[in-house]
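This report examines selected local features of one protein chain. The sequence and the coordinates are shown first.

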Amino acid sequence: NNLPPTTAHFRHVDAMAPQPSAAAAKLSHLKAVVSGEALASEDDDVVVPSHEFSRQALVPSMQKYLEMYKASIEDPAKFWSGIASSEFYWKQKWGDQVYSENIDARKGNIKIEWFKGGITNVCYNCLDRNIDAGLGDKIAIYWESNEPGFDATLTYSQLLHRVCQLANYLKSIGVRKGDAVVVYLPMFMELPITMLACARIGAVHSVVFAGFSAESLAQRIVDCKPKVVITCNAVKRGPKTIHLKDIVDAALIESANNGISVDVCLTYENQSALKRESTKWQKGRDVWWEDVVPKYPTSCDVEWVDAEDPLFLLYTSGSTGKPKGVLHTTGGYMVYAATTFKYAFDYKDSDVYWCTADCGWITGHSYVTYGPMLNGATVVVFEGAPNYPDPGRCWDIVDKFKVTLFYTAPTLVRSLMRDGDEYVTRYSRKSLRVLGSVGEPINPTAWRWFFNVIGGSRCPISDTWWQTETGGFMITPLPGAWPLKPGSATFPFFGVQPVIVDEKGVELDGECSGYLCVKNSWPGAFRTLYGDHERYETTYFKPFPGYYFTGDGCRRDKDGYYWLTGRVDDVINVSGHRIGTAEVESALVSHPHCAEAAVVGVEHEVKGQSIYAFVTPVEGISYSDELRKSLVLTVRQQIGAFAAPDKIHWAPGLPKTRSGKIMRRILRKIASRQLDELGDTSTLADPGVVDQLIQLADI
Ligand code: WT7
């Protein structure tokens, strides 16, 4: 009964059918897809994989998927230990128990363990193991600079050498197993190199996206107390130069003020952006990467670690102000990241894979560095902005490196769609084989454009739903295995049991919508929030006892397809970046002229959602454009440019209940100008504020 409810329908589908339309016609309850044809609903819009694609796919049919899925659910220990032992190197096998879990908050502490007692190393599995298997001379990284025409490559052997040099340097300054290393780097090759070097010596990396402000960086440094921070002096992003080292300097002052001082700031000199002579320098603390790292030996013994030893920490936003340190451990994460990558992209040894995400986010962890490299894949690492120098840059890169697997976010698809087809069609793109989407729901129009224009109606799209917390894909198409529906992430990955519950936590059957939860654990699940296991339990396991709660709303259609509908908590998703409304609010109220603030997300054509802030200035301060600018600046300084509100809406007061709770539902309606849908405002302490807000909407 845990099988996707499609079983019945799709048993009749012949995924090997020669013509897409012929296969679609067999789905008697679905309308065949003809571009432009009016459909009864999105649910009936299907794109059937071509015979040609399915025939070569790792999972060629729904039948094959169901067989494997069933095995993964009925005996997870057998399923995952089979993969773990045949595809990875273990210095020592795990004990009798492949996994143990308690995800039911009613039964005591939440605890998840996979392959406990197994001894391995993720870096070894990414590099040494693949080199031993003959991939030493295979390209591991094609690096493309911000400026067209500047690039570099590293083979697997060269990558190993670079990783070992850094690992040896880190050891020389006293970094040991279990120590945290904060990384604040742009998409240079040095970023995956740093991640792998940490993994090699058992150090726990915490990569902070280089778009975060000094204050956000400081907050993370104070939380995880690293021995060393690794950064670069400056970076070019499009036409702009950003002085990253200045941001780190400010963060280190702020951390020191909070009692955490960092001994070493290892700084990569990015000469194309800034010379070392012009870089501010603190003697004794700051060290140039180029002066020390290349002097170390190119081999470095591996620190063998337990499967449950931590691999990395990655901070993400929740519904309260403080970022959460999501902790992933070694063995389960390794097996899960690699296996999801392999199946969701139908990976072949000859593929060239490009994921446009930054390693500062989970996508860059699991699907730039670990997942692909565990598979011995060739990965494109791109430093720049995808529309610089013009909106054709991505396809220029695709043609240049003959990219076969291209993985990106809906926001980029929509922004390129707006720029026009001519930037796409002037490039060949014929190397492309599979496309991927991640970060937010992809609207069917953008899906169609991605499929037809970018992929030439030839490449299946894997719309991968997952989260920082899940480590890897949870609901995703397996290309070639079943018909896609534009906008649906389709079906669960092996070992994942999604459930949709109502507000009381009752599991819903069949066609339904509600809160998306997951039953049981999977190897890639995060194990705790760093230093706050209680928050881990409260946020994820207490809302619906017995399940992991994702924070997302979800609908399951009549064919069992899953449709993610967005966050149901106070988290907004701007261009695939997860931002807590409370974080933005706390940045706003730190402004001396802000008395109160409430932030909501509103729909945005390109970004998915944009940040809309209601602000009440302190007594005696009048509304002005200067104040607006300075409020936005405060958010940029405290969080980062990507979290800057698009709109500041002046609010003499906020709509509150008599108990003082802000009614965000009303604010959302005002923000999206759905004024006839305000609903019942009679329970407000002062219903008059609603009219005042409406009057101030366009000021
Ligand atoms: C949230 C997780 C996981 C990598 C990127 C973001 C939303 C993510 C999809 C998708 C619909 C999606 C969800 C989720 N999300 N992928 N394919 N379809 N929604 O990671 O920052 O941890 O955010 O992103 O709302 O909960 P994240």
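The sections below treat an annotated domain, a strand arrangement, two buried residues and a set of salt bridges.

## Model and annotated domain

The structure is a predicted model. An unreviewed UniProt entry annotates residues 136-521 as "domain: AMP-dependent synthetase/ligase". In the model, the C-alpha atoms at the two ends of residues 136-521 are separated by 35 Å. Helix accounts for 31% of this span and strand for 23%.

## Strand β19 and its partners

Strand β19 comprises residues 434-437, and both of its faces are covered. Val434 and Gly436 are buried on one side, while Leu435 and Ser437 are buried on the other.

Strand β18 (residues 405-408) pairs with β19 in the parallel sense, over four bridges. Within this pairing, Leu435 of β19 is the bridge partner of Phe406. Strand β20 (residues 461-463) also pairs with β19 in the parallel sense, here over three bridges. In that case Gly436 has Ser462 of β20 as its bridge partner.

## Surroundings of Glu383

Glu383 lies in the loop that runs between β17 (378-382) and α15 (393-401). Glu383 is buried but forms no salt bridge. Its nearest side chain of opposite charge is that of Arg393, at 7.5 Å. Because a salt bridge requires the nitrogen and the carboxyl oxygen to be within 4 Å, the distance of 7.5 Å to Arg393 does not qualify.

The side chain of Glu383 does reach the backbone nitrogen of Asn146, at 3.0 Å. Apart from neighbours within four places in sequence, the residues in contact with Glu383 include Trp143, Glu144, Ser145 and Asn146. Met187, Phe188, Val235, Lys236, Arg237 and Asn270 are also in contact with Glu383.

## Leu667 in helix α22

Leu667 belongs to helix α22 (residues 664-671). With a relative accessible area of 0%, Leu667 is buried. Once neighbours within four places in sequence are set aside, its contacts are Ala598, Val600, Phe614, Pro655, Ile662 and Leu693. Leu678 is eleven residues from Leu667 in sequence, and the two C-alpha atoms are 8.7 Å apart.

## Salt bridges

The model contains 40 salt bridges. One of them joins the side chains of Glu113 and Lys111, with an N to O distance of 3.5 Å. Glu113 is buried, at a relative accessible area of 15%, whereas Lys111 is partly exposed, at 48%. Another joins Glu190 and Arg162, also with an N to O distance of 3.5 Å. This pair links distant parts of the chain: Glu190 is in helix α9 (residues 190-201) and Arg162 is in helix α8 (residues 156-172), 28 residues apart. Glu190 is buried, with a relative accessible area of 5%, and Arg162 is partly exposed, with 31%.

A further salt bridge connects Asp309 and Lys177, at 3.0 Å from N to O. The two residues lie in distant parts of the chain, 132 residues apart. Asp309 occupies the loop between β13 (305-306) and β14 (310-316), and Lys177 the loop between α8 and β6 (180-184). Asp309 counts as buried because its relative accessible area of 19% is under the 20% limit, while Lys177, at 39%, is partly exposed. Salt bridges with shared partners also join Glu144, Asp151, Arg393 and Lys400 into one network.

Definitions and conventions. Residues numbered from 1 in each chain as written. Predicted model: local features only at pLDDT ≥ 70, side-chain atom pairs only at ≥ 80, totals over all residues. Heavy atoms only, no water. Buried < 20%, exposed > 50% of the residue type's maximum accessible area, 1.4 Å probe, protein only. Lys, Arg positive; Asp, Glu negative; His and termini not counted. Polar contact = N/O pair within 3.5 Å; in protein donor to acceptor, adjacent residues only side chain to side chain. Contact = heavy atoms within 4.5 Å. UniProt positions renumbered as here; feature names shortened; annotations may be inferred. Pairing = 2+ DSSP bridges.
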